[in-house]
Amino acid sequence: AMLPAITFFVTCIDHSFHDFTATATIVVSDPLAGDPNPGNNTLVSSPSTTAVLRTSDLKVNSAMVGAPATAITNTPFNVTVDASLHDNGPDPAPANVTVTLTLPPDCSAPGNPRTVPVSLPVSTATSLPTQTFSVTCTSRSGHTFSATVEIVGPVHVVDPNGGNNSTTSAGVTVGVFDQSDLKVTGVTVTS
């Protein structure tokens, strides 16, 4: 005999792939009836996989670069990137923020770009921890630095508005100079 379909309502907290199985067991309730093969009274279904999703409108509000006014060629100096992030909801979500420092061709910065994991509450502006890049430039001149900050949710987080996931900061210019050690070797006074 075929039993009618039974519907279960399930609530999942975590977003990911979830496997569901059903176990059906029949029990003889008549004490006078015997079951010659009780080993076949239980059946477990094949797994059914369901993707459980969150919806989070992740957003980069702003990005700002900080740098010293001047630096010396072939000497490391710090350039910082700060960003404001936001989750417009409706669900809180973990995310990855990629910070890319845009450098002039003669400059290098180890660890650029870098990815920072964050967890954002709904409807609260959240500051990305300041990202500090150690930059070295080999040529003297005015060097302009900017940064692009992009936020992306993991698999199983649906972002309905990907157009607000990235922003680029304004540029900041650093005067990079050669260092010279000038020395006076003598003074002549004439009258």
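Colleague: What makes strand S14 (residues 166-168) and S12 a pair of strands?

Modeller: Two strands pair if DSSP finds at least two bridges between them, and S12 and S14 are joined in the antiparallel sense over three bridges, so the requirement is met. Within this pairing, valine 149 stands opposite threonine 167 in S14. The structure is a predicted model, in which local features need pLDDT of at least 70 and side-chain atom pairs count only at pLDDT 80 or more, while totals for chains, interfaces and linings use all residues. Residues are numbered from 1 along each chain as its sequence is written, and side-chain values use heavy atoms, with hydrogens and water left out.

Colleague: Which residues are bridge partners where S12 pairs with strand S15 and with strand S8?

Modeller: Strand S15 (residues 172-177) pairs with S12 in the antiparallel sense over five bridges, and there glycine 142 has glycine 175 in S15 as its partner. Strand S8 (residues 93-102) is also antiparallel to S12, over seven bridges, with asparagine 96 set against valine 152 in S12. The strands named here are DSSP runs (E, at least two residues), numbered from the N terminus.

Colleague: Why do strand S9 and strand S13 count as edges?

Modeller: Five strands form an open sheet of mixed pairing, in the order S9-S11-S7-S5-S13. Strand S9 (107-108) and strand S13 (157-158) each have a single partner strand, so one side of each is left without a neighbour in the sheet. At the S13 end, strand S5 (residues 54-66) runs parallel to S13 and is joined to it by two bridges, with arginine 54 opposite valine 157.

Colleague: Why is the pair of phenylalanine 77 and phenylalanine 145 called edge-to-face?

Modeller: Rings of Phe, Tyr and Trp (its six-membered ring) pair if their centres lie within 6.5 Å, and planes under 30 degrees apart count as stacked, over 60 as edge-to-face and the rest as tilted. By this rule the count comes to one aromatic pair. The rings of phenylalanine 77 and phenylalanine 145 are 6.0 Å apart, centre to centre, with 75 degrees between the planes, so the angle falls in the edge-to-face class. Phenylalanine 77 lies in strand S7 (residues 77-90) and phenylalanine 145 in strand S12 (residues 141-152), so this pair ties together parts that are 68 residues apart in sequence.

Colleague: How do you know whether phenylalanine 77, phenylalanine 145 and phenylalanine 8 are buried or exposed?

Modeller: Buried means under 20% relative accessible area, exposed over 50%, and partly exposed in between (1.4 Å probe, protein chains only). Phenylalanine 77 has 7% and is therefore buried, and phenylalanine 145, with 0%, is buried too. Phenylalanine 8, in the segment before strand S1 (16-20), has 67% and therefore counts as exposed.

Colleague: What makes the contact between arginine 140 and aspartate 178 a salt bridge?

Modeller: The term requires a side-chain nitrogen of Lys or Arg within 4 Å of a carboxyl oxygen of Asp or Glu. In arginine 140 and aspartate 178 the closest N and O atoms are 2.7 Å apart, so the distance satisfies the cut-off, and the count by this rule comes to one salt bridge. Arginine 140 lies in the loop between strand S11 (126-137) and S12, and aspartate 178 in the segment after S15, so the pair ties together parts that are 38 residues apart in sequence. Arginine 140 counts as exposed because its relative accessibility is 58%, whereas aspartate 178, at 37%, counts as partly exposed.

How values were computed: Helices (H or I, at least four residues) and strands (E, at least two) are DSSP runs, numbered from the N terminus.
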